[in-house]
Amino acid sequence: IYSYNNLIQLLLRCRCYDQAFSVAEKMAQSNCPPNIFTYNFMIVGLCKDRCFEKAYHIVADMEKRGCPPNSVTCSMMIQGLCRDNREEEAYEFLRQMVSKGLNPDVIAYSELINGLCKASKLCQARKILEEMIVRGCAPNVVTYSILLDGLYKGNRIHEADELLHFMVSQGCMPDVVTYTALIDCLCKVGNADRAFNVFEGMIEKGCIPNVVTYSTLVDGFLKIGNTKQACFLFQKMLDVGCMPNVVTYTSAIDGFCKAGEIGLASQALESLNQAGICPDVITYSTLIDFLCKMNRTDKAYHFFLQMIEQGHAPDVVTYTALIDGFRKVDDVDKVHTLLQAMVRSGCTPDVVTYNILVDMLCKTNRIQQAYEIVQDMSTRGHFPDVITYSTLIDSLCKMYRTDEARDLFLQMMEQGHDPD
RNA sequence: CCGAGAAGGGUGCGAU
């Protein structure tokens, strides 16, 4: 059975589903029938490739063949469905499992809560928390941290505070992830100083910050322009033997660049290389964006070619940063070349890319073409946001076409976008 | 021999 299961896992990793299925079929007919691990391996593979119909089929098969799904099966299905933005279906699946007498465990519930939180369905997520408690499944620190992070990111700080007290009252102590989520929340609202207090508080309580905690704080301080404190934390993490990773370095490079501390930025880039850490697509995009903003599109393009050489595929953000750079130096040809290259490489322009094109057309007095782009983006499923509208409105106002501007303003509100 | 949580990059307007 071990050999069979290993083989199946290997086949699934190579996406050879048919072969994996036929091995499982052979097992079923041999004197070595598939066990729960065999089935769960198959389900995790299928979910990763969004083949949910096949996965459902296996779950049904398991019941028929006397090897009913367990809570691992359940949580993997929920995870897969949630990653495909099918939270409702995930919940339905969980309910079905419950009705068949299977008690989902804390991980299955946490998966569902995580999926709902990531989809900003916080009220539903809270309901699941209550539901699991009613069913006698105690949430753990992971469950609470998921919900807390969701509430923080949804700016529901007060609710989060209450939940934090509740979790502690249930004897569940915050861990490094719980603290880091809170620290990130404070940093994101520009309050890195309070985040730092939380950081000191967690140490006092014996909770050791890790590389994510430090990276969060370094980024938080850089985002409010406190280079000094960011450097202090960077040094502190080295002192305590916590090694910065590609995220820490990239965050530092971005922050230093934006603060105009070019010396520090190149130092960080050098340290990254010396530490033998591989820059990733975000590191490259950060550098490319900075160079573009300095009007050094030539250098930016050089990094763009270099990243491809190094085997890092540029993504929509990389292309968009470059496109923005080239249009700001009025290199319209390059903008079009890049757009084509982007689409050819399988990168779909998103609302930010479109907004740049809209702005480019507006600023060259081609409002009509800008409107056409907005039409086009909508048909491709990218709907204009408050920035698209502001770009058009600004340009119309500057041309004294205030009636049109007002119409757009009203249209924007009708579409549910509050003016910022 | 199988499953869960936290950190980094791109777009508009803005005083003289």
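## A tour from D289 to helix α1

Select D289 to begin: this residue counts as buried, because its relative accessibility is 17% and the cut-off for buried is under 20%. Since everything on screen belongs to a predicted model, the values along this tour are computed from predicted atoms.

Keep D289 selected and show the helix around it, which is α17, spanning residues 281-293. With residues up to four places away in sequence left out of the count, D289 touches K258 and A321, and these two can be added to the selection.

Next, display RNA strand B together with the protein residues around it. Which helix gives the largest share of the surface near RNA strand B? That helix is α19, residues 316-328, which contributes 8 residues. Of the 75 residues around the strand, those that come nearest are S75, D105, S145, S285 and S390. Colouring this surface by class gives 23 nonpolar, 27 polar and 25 charged residues. If the selection is turned round to the RNA atoms within 4 Å of the protein, 44% of them belong to sugar or phosphate, while the rest belong to bases.

Three contacts with the bases can then be inspected one at a time. At S75, a polar side-chain atom lies 2.6 Å from a base nitrogen of RNA strand B. At S71, the protein partner is instead a backbone N or O atom, which lies 3.2 Å from a base nitrogen of RNA strand B. At N5, a polar side-chain atom lies 3.3 Å from a base oxygen of RNA strand B.

N5 also leads to the last stop, helix α1, where N5 is buried along with I8, L11 and L12. These residues lie on the same side of α1 because they cover an arc of only 125 degrees around the axis. What do the buried residues of α1 pack against? Their partners are α2 (17-29) and α3 (36-48), so both helices are worth showing here. Rotating to the other side of α1 brings up Y2, S3, L10 and R13, which are exposed.

To check the geometry of the helix as a whole, select residues 2-13: α1 has 12 residues and reaches 16 Å from its first C-alpha to its last, close to the 16 Å expected at 1.5 Å a residue. Finally, move just past the end of α1 to R15, whose phi is positive, at about 60 degrees.

Note on methods. Residues are numbered from 1 along each chain as its sequence is written. Chains are lettered from A and ligands numbered from 1 in the order in which they are written. This is a predicted model: local features need pLDDT of at least 70, side-chain atom pairs count only at pLDDT 80 or more; totals for chains, interfaces and linings use all residues. Side-chain values use heavy atoms; hydrogens and water are left out. Helices (H or I, at least four residues) and strands (E, at least two) are DSSP runs, numbered from the N terminus. The expected span of a helix is 1.5 Å times one less than its number of residues. Buried means under 20% relative accessible area, exposed over 50%, partly exposed in between (1.4 Å probe, protein chains only). The arc is that of the directions from the helix axis to the C-beta atoms. Contact means heavy atoms within 4.5 Å. A residue is near a molecule or strand if one of its heavy atoms lies within 4 Å of it. A polar contact is a pair of N or O atoms within 3.5 Å; within protein, one must be able to donate a hydrogen and the other to accept it, and residues adjacent in sequence count only if both atoms are side-chain atoms. Ala, Val, Leu, Ile, Met, Phe, Trp, Tyr, Cys and Pro count as nonpolar, Asp, Glu, Lys and Arg as charged, and the others, Gly among them, as polar.
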